Amino acid sequence: MLKTHQGSQVDIIDRLPTPFGLVRSGVAPDHPETKVVLAYGAESDRVLGIPGEDLKGVHSAREFVWWYNGHPDGRNLDPDLKSTDTAVILGQGNVALDVARILLRPTSDLATTDIASHALTALEQSSIRKVYVVGRRGPVQAACTAKELREVLGIKDLYIHIKEEDLKITPADEEEMKNSRIHRRIYELLSKAAVARASQPSSGQRELHFVFFHQPDMFLESSDKKGYVSGVHLERTVLKGVGPGKQTAVGTGKFEDLACGIVLKSIGYKSVPVDGLPFDNQKGVVPNIKGRVLSYNSRDPTLLENGLYVCGWLKRGPTGIIATNLYCAEETVTSILEDLEQGIIASTASLPKPGRDGLLQIMDNRNVRVIPFSTWERIDKEEKRLGNLRNKPREKLTTWEELLKATSE
């Protein structure tokens, strides 16, 4: 926006005293790489709606990611990694692989990243040695990218297990791979990993098990620790064609149990509505056309909320990778520029609205403490100073108290 429209000003409003959202709190620590635009993403979780989902030890992957990335709202999660040697991850997308990698990767590798110190300590004391990554469909339909899969398969001294029967493909699978180079590459990587593995893990070796064609039916409660999870009751699935090159998983009525002491649900994120703004509760997005916000679920492109735009997961749902969000943002910016050029929205020069000064006045009237970017730079400086003492790029401040204290020093 700043590059393509000279004279434009962009104000980014964040709930936290730290900027950069997903980059800081969503991307794995070992991956260091006055028109209103709604871009608050998806910070809630989809639920399975099956028995036992509220048992202790059952967490969302989002909570776990926030925990190891030092998000202040995830600081108190405190997952129990000591009482069990087995973790189950439901889902086979990139977030699921991120979580598996953090659980299985040597902590000496993580120690030089900006992982939160409380998470590093817990991982150093972790008893987890087996991680099961469970998906409803097969290896051809796995929702991860080749890059993420290569990284987790490349963890040193890791035993990989994939059932040979799960790698058998059908003509429908062939059709999917023919239409998707990514799906073919994922299948090739998994097949190669299955062939290259030893027949059995060596003593003490960490294990990663890919479990295909299974879906959770219920979470099992421990008989020793009331209220705690002890496993997942899984239903075997098969694939059913629902259109050209598309298959969905359906249950077979055959079940089996997978024992574990912790479950991480990586089944998708969900955006939350904001009072007074249009929101499609069924799809979990702000209704829009090319980023232009529609008036309360109207599909009529003429009924727009003038001057209101949306991008990212809030615009299209929780799918895609960071690069997908770049293209998504470019589309929204194009819509803004087109509306400016066509006079659909007026420039600030011709508007009587107070703009940034008016926003600051409203927040002042409501006694909202505003942390400007210059104050964030104090947090940034302090985190880098602390990180330097531990040979890390930064040591994140992970509680509201620590963050606010740094802003006043």
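Which residues of helix H5 (residues 117–124) are buried? In this predicted model, the buried set of H5 consists of His-118, Ala-119, Leu-120, Ala-122 and Leu-123. These buried residues pack against three other helices, namely H2 (61–69), H3 (94–104) and H4 (107–110).

Further along the chain, helix H7 (residues 171–179) offers a second case. Its buried residues are Asp-173, Glu-176 and Met-177. Viewed down the axis of H7, they fall within an arc of 95°, and therefore they line one face of the helix. The general geometry of helices is relevant here: an α-helix has 3.6 residues a turn, so residues three or four places apart point the same way. On the face of H7 turned away from the buried side lie the exposed residues Pro-171, Lys-178 and Asn-179. The cover over the buried residues of H7 includes helix H8, strand S9 (229–243) and strand S10 (246–259).

The packing of H7 with H8 can be described in further detail. Helix H7 and helix H8 (residues 181–196) meet at an angle of about 120°, and their axes are 5 Å apart. Because of that angle, H7 is oblique to H8. On the H7 side, the contact is made by Glu-174, Glu-176, Met-177, Lys-178 and Asn-179, while H8 contributes Arg-181, His-183, Arg-184 and Tyr-187. By character, the residues of this contact divide into five charged, two polar and two nonpolar. Glu-176 and Met-177 belong to the contact with H8 and are also buried in H7, whereas Lys-178 and Asn-179 take part in the contact and are exposed.

Methods:
Residues are numbered from 1 along each chain as its sequence is written. This is a predicted model: local features need pLDDT of at least 70, side-chain atom pairs count only at pLDDT 80 or more; totals for chains, interfaces and linings use all residues. Side-chain values use heavy atoms; hydrogens and water are left out. Buried means under 20% relative accessible area, exposed over 50%, partly exposed in between (1.4 Å probe, protein chains only). Helices (H or I, at least four residues) and strands (E, at least two) are DSSP runs, numbered from the N terminus. Contact means heavy atoms within 4.5 Å. Axes are lines fitted to C-alpha atoms, for helices over the stretch in contact, and angles run from 0 to 180 degrees between N-to-C directions. Angles under 35 degrees count as roughly parallel, over 145 as roughly antiparallel, 65 to 115 as roughly perpendicular and the rest as oblique. Ala, Val, Leu, Ile, Met, Phe, Trp, Tyr, Cys and Pro count as nonpolar, Asp, Glu, Lys and Arg as charged, and the others, Gly among them, as polar. The arc is that of the directions from the helix axis to the C-beta atoms.
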